[in-house]
Amino acid sequence: MKNYFSKNLKFLREQKRLSQNKLGELANVNQTTIARWENEEMAPSIDNVIELSKIFNIDLADLLGRDLQLNEDRKQLTEKEEMEMLKNTLKKKGFLDENEELSEENFNTLIEFAKANKQFIMKDHDNK
């Protein structure tokens, strides 16, 4: 069985928006240790792996034995998670200010606008 620990550790840490330093504090190790685990420079002890599985609320088998980034293995996003992902993307692209919120009504309006303009949005701009 392939060991996905390092890849999953980084994925989970970034998904929870934790710095290596903050995760180190939670796991009672230093930031360098987290970096070495993520870079496969050092293997964690079984006690460390158990502690990390508790921190991320994930089964040991999942933490070690499967790629958590694969879409077919990931759980369906809740509406709230989907909305958060969209808001973060819109903020990164400059559509929303950092402290600006996206109401459900505005979200639905944005989706309807995109649907109505799909042909323009999705057209092949290389064939002008």
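Trainee: How many Å² does the protein chain expose, and what share do carbon and sulfur atoms supply?

Mentor: Accessible areas come from the Shrake-Rupley method with a 1.4 Å probe, and for residues only the protein chains shown count as cover. Here the chain exposes about 9,800 Å², with 47% of it supplied by carbon and sulfur atoms. Bear in mind that this is a predicted model, where local features need pLDDT of at least 70, side-chain atom pairs count only at pLDDT 80 or more, and totals for chains, interfaces and linings use all residues. Residues are numbered from 1 along each chain as its sequence is written, and side-chain values use heavy atoms, leaving out hydrogens and water.

Trainee: Which secondary structure does the protein chain have?

Mentor: Helices (H or I, at least four residues) and strands (E, at least two) are DSSP runs, numbered from the N terminus. This chain has eight helices and zero strands.

Trainee: What percentage of the residues count as buried?

Mentor: Buried means under 20% relative accessible area, exposed over 50%, and partly exposed in between (1.4 Å probe, protein chains only). Of the 128 residues, 27% are buried.

Trainee: Which residues have the most contacts inside the largest nonpolar core?

Mentor: In soluble globular proteins, nonpolar side chains tend to be buried together. A nonpolar core is a set of buried Ala, Val, Leu, Ile, Met, Phe, Trp, Tyr and Cys residues joined through side-chain atoms within 4.5 Å. The largest one here has 16 residues, and Leu52 and Phe56 have the most contacts inside it. Helices α1 (5-15), α2 (20-27), α3 (31-38) and α4 (46-55) each give two or more residues to this core, and α1 gives the most, with four.
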